[in-house]
Every structure is written in structure tokens, then in C-alpha cells.
Amino acid sequence: MTRPVIISHEMDATWRYASGVAMERFANNLLERRIEAMQCGECKRRYLPPRPFCGNCRVPLTDWAPVASEGVLEAWTVVYLPIVDNRTGITRDGPYAMGLIRLDGADTTLNHYVAETDPACLKVGQRVKAVWREELRGAIDDILHFEVLE
Amino acid sequence: MTSASTPVAIAGWGQTGPLAEDLRSIPEMVLDAVQATLRNAAMGYEDIDAVVTASVDVFDGMTASNIAVTEVVGAVMKPETRIAADGLCAAIHAACQIRAGAYDTVLVVAHAKPSMSDFYELTKWALDPIFLQSLGIDFLTFAGLQAAAMAAEDKDAVERWAGLAACRLADASGDGKSPGSTEILQSALVTTPLREKMCAPLADGACACVLRRGDDSSPGRKEIRLSGLGHDLAANFIGDRELTESAGLERAAARAYADAGIKQPEDEIDVAEPSVAFAHEEELFVQSAGISDNTIISPHGGLFAGNVPIVAGLSRLTAAAEYLRRNNDLRAVAHGSWGPAGQGQAMVVLENAIP
Amino acid sequence: MRRAAIIGTGQTHHASKRDDVSQPELVREASARALLDAGIDAAAINAVVISSMELFEGRALPELWLGEAAYAAGKPCMKVATGGTSGTSACIAGYHQVASGMFDLVLVVGYEKHSEGNTQAGMAIVDPYWDRAVASGALGNFALSISQYMADTGVTEEQAARVAVKARRNAARNPYAHLQMADITVEKVLESRMLAHPIHMLDMCPQSDGACAIVIAAEKTANKFCDRPAWIEGAATRHQQPYIGDIERRLTTMETLRSAAKEVYAKAGISDPRRDLDVAEIYEPVTYAELAWYEALGFCGQGDAGRLIEEGVTEMDGELPVNPSGGVLSSNPVGASGVIRVAEAASQVLGRAGEHQVDGATTALATGYGVYAWADALVLRAMS
């Protein structure tokens, strides 16, 4: 077989995403190290990330409720492969730990980084606490990661 | 391909936009359109059995972009099908689901926000990467090539299109004011021979409608039915297509007419809502869909009020339904188109009906 | 609903890189085989449904380019894209289009050519407000849910490894499969590189170049062209909330798949799926997911999936063979993976599955999985 001809195109696309009202307030709260969830008026479920609508009850969300920057590690993993941050193109090398964290006062869990990368030191049910960036930017990675409290 | 099948009615519709730039997020826009639709249909989310959405990942800048709207369209724990093509295809598929007896009531939703990006730049990624993409051309280039082909042996074409654009812009403005032909002919050249004001302005928006079984409505109640469905995908390579006509639209229209039992479209269509993104496409539409001078075309200016890609065809369906709701005994066609020089075509026939 | 059946299937040889063909040629390879298997001419096809995840190849509206390869030029054609469920949802869309009475014969084609794009980058173009900032990819997301599933059920790494062994050994009898490993063992799985705790390399699906097609026919046409059509007895779809943290213990609960399965079982008159199904082709991107799906699909009780795999119930010679083809764990061209599930289930019912045929299979289940917890389910059956 002859060698195939390979034609390359590099994709360089830019999109501007409007945050929406809910995420805008959430992001502004982060600038003051404050975390607020949205609460459904029907099922009372407190949602993080905030969004315009409770998909379960099919009603708009308008109410806010404060939640703590501490909570429970409901799930965890240590990832050994690198991951690219699609916003910046910067690669996060492995190993790094991820968790699903239920902040005190919230009903959904948040996916976020955990500082501990030794699997022997991570377990479901542990208490964790947010570690904030010094210069806040109003984005979810103003929380650098969560650290294990126990 | 006539199918003696369950009639499909359009029960309500709504939209948000078109706006040159909608500062809201996609889920916020879609929520607005869906709520307007449910109000219009006098229904709630609980009345909806299934959802068909239309969006394109590259345009939304999001993989599986319907994830962003699953909640607001009410698809949590429900069936949702996402069609990555013009929204009229989503409506055709929803009508198929109802005819099949799979669902009784289906919500159809389309959205796009071209203000998020350089839309035509993104359309380059829809061209084959081996030959066409390497040329650096986009969908605008194709519109220009098609218009140029049509104008080549038709000296008056460009002036005529300027007149058409003036007419549609006036209808779209609401107050009848629009630039005159001369101003249009002096507007910036976008792609020869098309000038800026001959191109429907890109806009952000979302549109939705509810389709439902038409055979269980109360007797004597007026309703609007989707009586003919047709879509088509033409050959991709433009060298394989005769650009001065739209064989794809001819096929899509023939299928929709056969489905609706229309034998002479020139006499049987009262209103047409074509997807005309560039003025020359209206002439292609009239010719390929077999429409005569007796048909009212784009009474509110069609896409010249704002061309929202992907939403366009669905918004034509709801515009046609709106017209029929205000009248009796009429038949309309709605048209959608996608791809370079209208490679994809869709046509739906709507009519006033009394069960 | 009007009856419709699958009367032919075709797929490509799946591999990490198919540089020998372009994307359209890949699509044509599967489409041509499906027509041949169904014994029909391309001209007989009335409409086409295409499935792919276009950002994986960096494409927009790819059906424009490769529709002709799927015999769609001059025909009605639309593309379905819903993440991992794209393929099964496209099959369901094709079924609905046939059952609508509009079309006699619909070709459904799914494909993906991961080697021509950057799948990790494509998959990372997720929710822009949150998930992009705290990304760990499909791998990390599965690993998170697996930690909960293990805590809930006590499933072990060894039990998950048995799923990998079953899949790749089955794949060794499927000429089209990407990863064929007749000599794989539980030890080899556990010794393979740790990707994201507790997922080893051999626990995870590959990325494949490949395509798969099925021909769906209306009742009369199906009986005309096929002695033993695979009738579609039921098809259901369920979508779920958008963020991973919205879904409580998603592998353990998997409400969408439970609900979809319940609907199709009811339509097909299946009361005990382990007894009433002869074979299942389920969408398992990772070993642990297959175990979780056993529970959601009612093959065993809640928390019993580890024992089910240990007892060999889902092996080729077991009571209910699951994924005789080798599954997604052995071949994973994403836009095709769901079509492959349906095609493999249909092949079993048609009696055309070759070396991985389950003897006398009459009733088959196919499922799709995508995003965080979206699910499709279909039941196919030969008329006795």
C-alpha cells in the first residue's frame, strides 16, 4: 500500500459565553470568598453549580441559600494522566486528586481538586475545606483545591 | 410516500429574539422560548412526552451542546433526541415520532448564538478537510458563488435582489421603513455579487413549538396541522451540483407535497415562509418549490428580521403557524436550509383543519 | 406502533488508526456491508440517519461531507448527536422514522475517527462556567463515581477485572473488534497501569476509528427481504441533569437506565430479564459500569453484580451472555458505539453473529450510555 496523504488543520476557535444571571452572582460572591447555592422552591434541593431551572421539578430557581466552604468528600480519585485546561491550554500533570464534595448546606456535590494525592489517605466521608487563591478572580478556581481536615 | 397516519397538529409556539446579541446564556434564552411556547399552547411541562432539540456543537462551543438545555427543555428523565441540523428537521423528526405513535406530545426546541463567535469562520469546519477546507472558504463564499452563477446570464438579477431585500427589510422593520434599492446596492460588498444589505443579518435566538397528535382533539375545534413533511441532503461537492437551481429543495418539496396530497403547488399554497438568508435564495425557493405570484411570501420579512442559524427553519414553521392561526382555510409552507449553498433542505406543509 | 425490524448490519474493522481510509470511506465501508447483509440495493434506501460527535474530529455538520458515503445524496438525511448515546439514539430515530410510515427502509450509520482529531480536547469543551475549570475528563469522572459505587456495594477491583477479561476474550472471536486479547487474565488487568484510581488501563475502553450501520425496514419489507428479522419490540430514552454532582451516586442509582429498561421490558413482555433475555449488548465504557448496569437492568439484585460476574452468568456460556462482541471495552468509535450495540444485538437475533453467536438467541437487549447518566434501551426479538 502507498503511504496515505495526511492533511492537517489546526483548530483555533474562540467562543464568548455569557455566564447567565445565576452564575454571575455566584462568581461575584466568590470575590468575597462567599459560596451561595440556589434552592428550589418545590423540592428544596440546594443546587451547586447555580442554574436557572430545577430540572427535576421543572420550575425556575430564584432563591439563594448560603453554604459553607467546608464539607464532606463524597467521592474521590487520584488521576495519573495529565489533563488540559481548555480555557488556557495549560496542562495539569498527574497525579492529581479529584473529589465530589458536598459543602455543608448544599444538596448536590461539587467536582473539585483535592490536595491529597495518596489514595491511602483518601476515603469517602472525610471532611474537607476549601483553600482559596490569594488574588481572587471571580471564577470557580478561586478555590484552588480542597484540603483534607482529618 | 403518503402515509395514512396519525395527523400532527402544532399546538403552540414561542421564541426569544432574534437579537443581534443576546447577553443571556443559552439556557436562559431557551428557557424563555420554552415558557412562552408552553403558555401559548396552554400546556405545562407535565404534558410533554418527549423533546427534540436542534443545535450544533461547533456553533455553541460545547460538546454535546444539548447538555446545556436538558433541564430547561424539561428533558430530565424524559426522552430527548438532538438533531444537529436546521430546526425544521427537528420538527420533522418530532412529527415522525407522533405519526409513529411513539409519543403523543413533543416539544421541539432550536437555539443558536452566532454572536459568541465568528460564525462564518466556524462554517469552514463544515467543509471537507481534504479539499475545500484547505482553500480557506466558508459558507459565505458558497452563497456568493451561487449568486454569481445565477447573475452570470441575468443582467438584472442583482438589482432585482436589492429590490427583494428592500421589500423584506421593510416588512421586517414593523414600520415599513427600509433602505431603498440604491442604498442596498451601495452597501458594502460581502462576497461578489452579494452586498451587506442583501444578507439577512445574523442574530441570536431560540424558538420552540409543541406538536401533538391531531386525532384526539375535540371535534370542531380549529387546529393547524403539519400535513406534509420532506427533507433532503444534496451532493456535497459544488461541482456536482447545478448552483443556479436547487434540486435538493425540489426533492424536499416534492416529498412534502406528495405527503400532503398537493398536486399543484402553484395554486395550492397561500403563504410561504422560506429560509432566505441571502436575497437570491428567494428566487431559488420560488422556482424550486413551484410557488406562484399568488402566494404571499415572508409577510413579516422572514429572516431579514434576524437570521438565527439552526433556529431559522423552525422559526419559519412557527411564523407560518402564526399566520394560519389568524386565518381560515389556508395552506402554508415553511422551509429550512443548512450547509453550503443550501446542501440540506427541509419543507413542511401546514394547513388549517377542523377535525 | 407500526412494526419495524432490523434486517441487516455492517461494521468496519475497528482500530486505533485507520489511515487507510478517509472519514467518508470509513462510513461507506460499514454502509456497504449493511446493505449487503440486508440484501438490498442502495437505491432502495428511503432515508438516512447519521450519528457522530463532531467535535472529536473538529468538524461541524459532518453529514454534509460524508452523507454521500452513507448513500444519502438526494435523500432525506439528518444527524443525531447526544454524546455516548448518539448511536443508540440514532437507531431509535431511524426506528421512529420507519414506524411513522414515511419510509420503508432507513439506513442508520454511526462513525467516529478519533485518530483524526483530539478527543480529549473535544471532550473538554464542556460546560464553560464550571467543568472546564475543574476538569478531570471522562476518566476522572468515572473514577469518582466508582469510588461511591465501591463504597455502596463492596465491589472489588478483581470483580471489575473479570469484566475486562470477559470482554477482551469475547472480542478475540469478533473479527471486527479493536482490542482482541485471548490471553488476558485478571492479574494482567490488575497489573496494567493505573490511570485514575481504581481504574487500570485494561478497565477502560479504547478510542477507536470505526463505523457501523444497520438497515431498518417496515413490516412488509422486512418480511420480504429477511427470513428472521430482528423486530424492535421497544425503544426508550432518558436524559438526566447536566452536572456530575447533580446525580446522587450515579452508578449505584442510574435511574435513567432503570426507567428506560422498565419501559422496554414492559413493551416486550419481559418480567425476568435474566430469564427472558437470551443476550445483551450493553454500553460499558469502563468495567465497573458494566457491573452497575447489571443491577440497573435487573440482571441481579442491588449489590450483587460482583457475584454475578464471578459466577460466570454473563460469560458466553453463561445463562445471559453480556457483550459477546467484546463491547465498548473492546471497540469504541464513540458515534458508532451505540449503533454497534444495536447491530450486535440484531446480529444475534438474525443468527449472523459468526463465532460469537449465542446459540438460538431470540430476544436481545441493547443499551446506550452517555454524558453523565443518559441512557437508551432497545429490545429486539425474532418472531417464533
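Here are three short exercises on backbone and burial in this structure, each with a worked solution.

Keep in mind that this is a predicted model, where local features need pLDDT of at least 70, side-chain atom pairs count only at pLDDT 80 or more, and totals for chains, interfaces and linings use all residues. Residues are numbered from 1 along each chain as its sequence is written, chains are lettered from A and ligands numbered from 1 in the order in which they are written, and side-chain values use heavy atoms, with hydrogens and water left out.

**Exercise 1.** Work out how many residues of helix α12 of chain C are buried.

- Helices (H or I, at least four residues) and strands (E, at least two) are DSSP runs, numbered from the N terminus.
- Buried means under 20% relative accessible area, exposed over 50%, partly exposed in between (1.4 Å probe, protein chains only).
- Go through residues 287–296: 10 of 10 are buried, including Trp293(C) and Glu295(C).
- Just past the helix, Gly298(C) has a positive phi, near 80 degrees.

**Exercise 2.** Find where the cis prolines Pro95(A) and Pro193(B) sit.

- Omega is near -5 degrees from Gly94(A) to Pro95(A), and Pro95(A) falls in the loop between β8 and β9 of chain A.
- From Thr192(B) to Pro193(B), omega is near 5 degrees; the loop between β5 and β6 of chain B holds Pro193(B).

**Exercise 3.** Take Lys44(A) and Ala42(B), and place each one.

- Lys44(A), not a glycine, has a positive phi of about 70 degrees. Lys44(A) lies between β1 and β2 of chain A and is partly exposed at 49%.
- Ala42(B) has phi near 50 degrees. Ala42(B) sits between α1 and β2 of chain B and is exposed at 70%.
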